[in-house]
Amino acid sequence: MSNVARNIKQIIAHLPEDVALVAVSKFHPADAIYEAYNAGQRAFGESRAQELTAKAAVLPADIQWHFIGHLQTNKVASVVPIASLIQSVDSLRLLTAINSHAARIGKVQDVLLQVHVALEETKFGFSPDEIPEAVNLASRFNNVRLRGIMAMASNVDNLSRVRDDFSLARNTFLYAQSLLLPQMKPHFTILSMGMSDDYRLAIEEGSNLIRVGSGIFGNRE
Ligand SMILES: *Cc1c(COP(=O)(O)O)cnc(C)c1O
């Protein structure tokens with residue numbers, strides 16, 4: 001068994017049943033993705049439009065591609081036809097562009113709202129108090145479907161800070177849920193948080209979708 005396959009099996013063996021795994025394959029070649037695919041993994045995360053389209057073109061069609069990086073509106077047209085879930089919607093402008101392009105190709109695009117809970121100003125996302133406006137806009141769109149919230153914790157060693165970030169993200173999820181129109185509620189089920197170094201903590205704080213890269217594919221140089 002390859003290291004990639006072994007890593008995936010080990011992670012999945014310890015996941016609670018209601019927690020799903022996205023294998024973050026950014027910067028790793030198609031060969032590595034194949035190893036994960038052959039181990040049964042189907043959901044992969046990419047953070048760059050060009051890399052996503054190049055890989056999707058040569059890899060099996062039943063892969064579910066999650067877009068997890070900052071998405072510029074001029075790249076929306078290349079991502080929407082491929083992505084099963086765009087996790088990183090971080091502005092009203094991007095939400096609007098996704099809806100427009102999805103309408104153009106006759107798709108309803110599943111999305112998560114990215115919420116900014118970390119210390120680092122460099123990270124993207126809505127602040128919790130901007131969530132009502134985003135939910136409100138999404139509720140007027142026919143071609144995006146809000147599936148939940150995505151967040152990244154602060155990149156610090158202080159575990160209590162990381163836990164607080166995840167806790168705020170979960171509270172933001174519950175807040176957003178409370179704002180939804182009744183017909184939107186059944187779809188709003190995903191709380192995506194936790195990466196290689198912090199996914200166990202994220203699960204304790206309510207995550208049901210983790211995004212693991214280096215813990216599966218090793219460190220990228
Ligand atoms: C790169 C990335 C991950 C995976 O990070 P690892 O530490 O390699 O597991 C998860 N989420 C997002 C948004 C990322 O950009």
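Here are some short exercises on this predicted model, each with a worked solution.

**Exercise 1. Check the span of helix α5, then find which of its residues are buried and what they pack against.**

Step 1. Helix α5 covers residues 92-104, which makes 13 residues.

Step 2. The expected span is 1.5 Å times one less than the number of residues, so α5 should span 18 Å.

Step 3. The C-alpha atoms at the two ends of α5 are 18 Å apart, which agrees with the expected span.

Step 4. Now look for the buried residues of α5: they are L94, L95, A97, I98, N99, H101 and A102.

Step 5. Packed against these buried residues are two helices, α4 (76-79) and α6 (131-138), together with strands β4 (83-89), β5 (109-116) and β6 (144-152).

Step 6. Follow the chain just past α5 and you reach G106, whose phi is positive, at about 70 degrees.

**Exercise 2. Work out how the buried residues of helix α1 are placed around its axis.**

Step 1. Helix α1 runs over residues 3-13, and its buried residues are V4, A5, I8 and I11.

Step 2. These four cover an arc of only 135 degrees around the axis, which means that they sit on the same side of α1.

Step 3. A general rule helps here: an α-helix has 3.6 residues a turn, so residues three or four places apart point the same way.

Step 4. Turn to the other side of α1, where N3 and A13 are exposed.

Step 5. Finally, ask what covers the buried residues of α1: the cover includes β1 (20-24), α2 (30-38), α8 (199-204), β8 and α9 (214-217).

**Exercise 3. Describe the largest pocket and its lining.**

Step 1. Start with the volume of the largest pocket, which is about 770 Å³.

Step 2. Its lining is made of 28 residues, and those closest to the centre of the pocket are K26, K123, M152, N155 and M195.

Step 3. Look next at the elements involved: β6, α7 (159-179) and β8 (209-212) each contribute at least two lining residues.

Step 4. Sort the lining of the largest pocket by class, and you find 12 nonpolar, nine polar and seven charged residues.

**Exercise 4. Do the same for the second largest pocket.**

Step 1. The space in the second largest pocket comes to about 210 Å³.

Step 2. Residues lining the second largest pocket include V108, F141, R145, L181 and H187.

Step 3. The element that gives the most to this lining is β6, with three residues.

Step 4. By class, the lining of the second largest pocket holds seven nonpolar, four polar and one charged residues.

**Exercise 5. Decide whether L85, K55 and N143 are buried or exposed, and name residues that they touch.**

Step 1. The cut-off for buried is under 20% relative accessible area.

Step 2. L85, in strand β4, has a relative accessible area of 4%, so L85 is buried.

Step 3. Beyond its neighbours within four places in sequence, L85 is in contact with several residues, among them W65, V111, R147 and L209.

Step 4. K55, in helix α3 (residues 49-58), is at 7% relative accessibility and therefore counts as buried too.

Step 5. With neighbours within four places in sequence left aside, the contacts of K55 include K26, F27, E46 and W65.

Step 6. N143 sits in the loop between α6 and β6, and its relative accessible area of 15% makes it buried.

Step 7. Setting aside neighbours within four places in sequence, N143 contacts N99, A102, A103, K107, V108 and Q109.

**Exercise 6. Locate D198 and find what lies beside it in space.**

Step 1. D198 belongs to the loop between β7 (190-192) and α8.

Step 2. A relative accessible area of 15% means that D198 is buried.

Step 3. Although D198 and V162 are 36 residues apart in sequence, their C-alpha atoms are 8.0 Å apart.

Step 4. Not counting residues up to four places away in sequence, D198 touches A153, V162 and F166.

**Exercise 7. Say what stands out about the phi of F27.**

Step 1. Most residues other than glycine have a negative phi.

Step 2. F27 is not a glycine, yet its phi is positive, at about 70 degrees.

Step 3. F27 lies in the loop between β1 and α2, and at 40% relative accessibility F27 counts as partly exposed.

Technical notes
Residues numbered from 1 in each chain as written. Predicted model: local features only at pLDDT ≥ 70, side-chain atom pairs only at ≥ 80, totals over all residues. Heavy atoms only, no water. Buried < 20%, exposed > 50% of the residue type's maximum accessible area, 1.4 Å probe, protein only. Contact = heavy atoms within 4.5 Å. 1 Å grid on protein atoms, 1.4 Å probe; cavity = no way out; pocket = protein on both sides within 12 Å on 5 of 7 lines; lining within 4 Å. Points joined across faces, edges and corners; volume = space filled by probe spheres on them. Nonpolar A, V, L, I, M, F, W, Y, C, P; charged D, E, K, R; others polar. Arc of directions from axis to C-beta.
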